[in-house]
Amino acid sequence: MWLLLQTILLILLYFSLSYAVSSSDIISPSCQLQGQFNLNGNKKTGDVILGGLFPVHFFTSVPDLSFISDPQQPKCHGFYELGFRLAQTMAFAIDEINSNSNLLPNVTLGYTLYDNCINLGIGFRAALSLASGQEEKIILDNTCIGNPPVLGIVGDSPSAHSTAISSILGLYRVPMVSYFSTCSCLSNHQKYPSFFRTIPSDVFQVRAMIHILKHFGWTWAGLLVSDDDYGLHAARFLQSELSRSGEGCLAYFEVLPWDKDADELRRIVNVMKTSTARVVIVFAHESGMINLMEEVNQFWEFTFQCRFAPAPPGWLEGGGALCTGKEDLEKVDTEFLDISNLRPEYNVYKAVYAFAHSLDDMLQCVPGRGPFSGHNCATLQSLEPWQLLYYLERVNFTTPFGDQVSFDENGDVVPIYDVMNWLWLPDGSTEVQNVGEVKRSAFKGEELILDEDKIFWNFDSRKPPRSVCSESCPSGTHMVRKKWEPKCCFDCIPCSEGKITNKSNSFECTSCPEDFWSNPQRDYCVPKKTEFLSYHEPLGICLAATSLLGTFICAVVLGIFFYHRRTPIIRASNSELSFQLLLSLKLCFLCSLLFIGRPMMWTCQLRHAAFGISFVLCVSCILVKTMVVLAVFKASKPGGGASLKWFGAMQQRGTVLFLTAIQAAICTTWLVSSSPTPHKNTQYHNDKIVYECAVGSTVGFGVLLGYIGVLAVLSFLIAFLVRNLPDSFNEAKLITFSMLIFCAVWVAFVPVYISSPGNRADAVEVFAILASGFGLLITLFGPKCYIIIMRPELNTKRAIMCRGTE
């Protein structure tokens with residue numbers, strides 16, 4: 001509140017001074033100041049005067065305000081060596097320019113330097129004094145206008161000072177070039193039209209910090225800021241950038257008090273100690289850091305070579321001292337408080353040269369080609385600050401050290417920061433050395449360059465510390481944020497089966513493609529195992545061998561029957577139907593091979609059609625044979641001869657063909673309407689692809705099986721009815737037994753097939769085909785082959801007829 005009142009009073013005083021100057025024109029050719037400020041400063045005369053504001057003292061004692069008399073002037077104390085060097089740098093730069101015959105020839109620069117004591121009120125007083133002058137009476141021309149006391153000001157140091165001062169100086173277009181104000185808020189050239197700076201803004205400073213954090217993998221850091229525009233704006237931008245990039249989180253955020261509030265400082269130190277963060281980011285002034293360091297014991301004990309009670313064992317006996325907490329940091333020779341690494345002296349140097357080059361460019365103006373009204377040029381005798389401001393906005397030069405200086409549309413320079421490292425030396429002192437830089441270029445953008453071999457880490461490992469809230473999740477896991485904590489704090493949860501770590505988003509797992517599955521470590525996808533009834537696995541080999549064996553036996557039996565086709569036992573068993581039955585059985589055995597191997601479109605379409613047609617052909621032959629037996633029996637009775645005319649050779653062939661054609665029509669309809677297709681099934685095993693043939697239409701498959709079942713049941717019933725016919729070789733018994741086996745196999749097949757997964761279903765169907773095929777082959781042809789080969793004496797008409805009379 002006191003600083004606000006001071007600012008308001010000073011603004012009112014400034015306007016009163018301006019009013020006095022303008023009104024004095026009526027009565028006097030001079031301007032009379034109404035009062036003066038008591039300021040510490042230094043001056044040098046010249047043709048053109050530049051002002052400077054520098055923090056030569058650290059602290060200020062402000063007297064009590066009674067508001068009944070003129071307030072006493074504040075007093076400064078605590079000599080600040082760096083601020084004094086900054087003021088010396090400006091004086092040195094001006095002397096160097098005056099001795100340079102190529103820059104501002106025949107023009108002598110002078111300066112007026114004031115101490116701001118790092119106090120807004122004093123800095124504001126000094127700025128107004130520079131803008132209006134401190135002489136009691138200023139003699140001007142008859143219009144009371146002329147060169148002001150200073151054409152520009154180098155300063156101020158804190159961002160809060162520059163914000164307040166440039167708000168007023170900007171109204172009168174008095175240029176101001178700061179060497180130390182970094183607040184990004186000052187990059188608004190519309191709000192601060194006469195403000196420039198030779199130090200990068202907080203925006204670049206924050207990004208430089210983020211580059212360093214990212215380089216060392218520090219995602220968990222604490223943040224300390226000063227309670228002013230510099231600290232608060234930097235903190236706001238840092239939080240915004242961390243949130244946007246997602247590359248780090250703040251473990252804590254604390255604002256340092258301006259005064260030496262021991263309780264508050266102790267609380268902040270405790271927060272730092274209890275936090276798991278091992279990196280601290282600080283945007284604060286050195287005065288605030290001094291107060292904080294007095295509360296940090298590791299630094300304190302190392303600096304003063306003492307130990308706080310209780311001291312380690314043997315410390316006191318060895319001559320060590322106890323820390324009292326009252327040791328004076330200002331009397332310690334340490335580089336920790338030396339901020340020369342921030343290049344402030346060089347920034348002052350560049351600011352002075354920016355004014356000099358702007359003034360030199362202005363004096364090079366050719367009359368009639370000037371940038372002002374009527375193409376006029378500015379003259380040294382009637383120079384106005386706004387005229388110098390025009391050239392300052394366009395200045396572009398190279399310093400004697402080879403650095404190019406120019407200002408962008410916001411009044412900022414091309415940014416560059418040195419990265420400095422404190423070395424703790426054995427004697428207890430410290431040394432600061434340059435270990436890299438952060439800079440921005442037109443081609444590479446922002447770039448961090450570090451010489452890590454030069455960096456000293458004050459740890460036993462001599463390596464950078466780890467500063468993360470949670471360690472990175474290993475492959476095969478994903479991050480799950482902890483409740484009520486920043487996103488940098490998380491748990492690692494394994495990815496579920498079929499998923500792997502998402503490289504682009506570590507908070508979720510990525511599903512593997514359809515034909516892939518996660519490996520056991522869940523870090524990459526591998527092709528799924530494929531499963532089908534293969535010729536390369538034992539089961540497939542056995543079934544294929546059995547199928548070929550059945551085909552071979554059928555061929556052998558067919559050869560035997562053909563060779564002995566004229567024998568009574570062959571002729572009595574209807575040799576033509578027997579040959580057809582053997583050929584159909586061969587087809588049944590061979591069609592089972594279509595169920596082995598990786599399913600393809602043609603095998604899926606052909607396997608069930610071939611199975612259905614071959615088995616209908618087989619059962620049709622059996623059914624016709626059974627009907628022929630029944631017709632023969634009826635023909636043997638009186639008046640039954642007419643029944644045989646319906647079962648001649650042509651009728652038998654036609655019946656078999658007709659019954660088979662019905663199945664062919666069923667298969668054709670099924671294939672046309674809803675054809676079986678290859679299918680990759682993942683329902684049985686997530687990590688496997690089971691290749692199978694989808695039946696397409698379960699109705700079609702059911703009709704196919706049902707038709708076979710109807711013929712088989714019909715054959716069984718007829719054979720059962722004629723099983724006890726008085727014949728020497730009653731084949732009806734063999735047919736009855738064979739169809740009983742056939743029906744039993746396929747009745748058992750249906751539930752087993754439905755419940756069998758994947759390639760096991762194909763194996764069950766092949767087994768059913770082979771089992772029923774061998775059942776028919778053995779029961780129908782086994783006894784005949786036995787008699788033909790082993791008991792040829794029974795293969796005679798007499799033997800067959802005799803058996804019939806027993």
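Two strands are paired if DSSP finds at least two bridges between them. Helices (H or I, at least four residues) and strands (E, at least two) are DSSP runs, numbered from the N terminus. The model is predicted: local features need pLDDT of at least 70 and side-chain atom pairs count only at pLDDT 80 or more, while totals for chains, interfaces and linings use all residues. Residues are numbered from 1 along each chain as its sequence is written, and side-chain values use heavy atoms, with hydrogens and water left out.

**View 1. Strand E6 and its pairing with E2 and E3.** Strand E2 (residues 41-44) runs antiparallel to E6 and is joined to it by 4 bridges. Within E6, Leu113 stands opposite Asn42. Strand E3 (residues 48-54) pairs with E6 in the parallel sense over 7 bridges. Thr112 of E6 is the bridge partner of Gly51.

**View 2. Burial of strand E6.** Because 7 of the 7 residues of E6 (residues 109-115) are buried (under 20% relative accessible area, 1.4 Å probe, protein chains only), the strand is largely enclosed by the rest of the structure. Leu109, Tyr111, Leu113 and Asp115 point one way from E6, and Gly110, Thr112 and Tyr114 point the other way.

**View 3. Helix H7, length and faces.** The 13 residues of H7 (residues 262-274) should span 18 Å at 1.5 Å a residue (1.5 Å times one less than the number of residues), and the end C-alpha atoms are 18 Å apart, which agrees. Leu265, Ile268 and Val269 are buried in H7. These residues lie on the same side of H7 because they cover an arc (of the directions from the helix axis to the C-beta atoms) of only 100°. Asp263 and Thr274, both exposed (over 50% relative accessible area), are on the face turned away from the buried side of H7.
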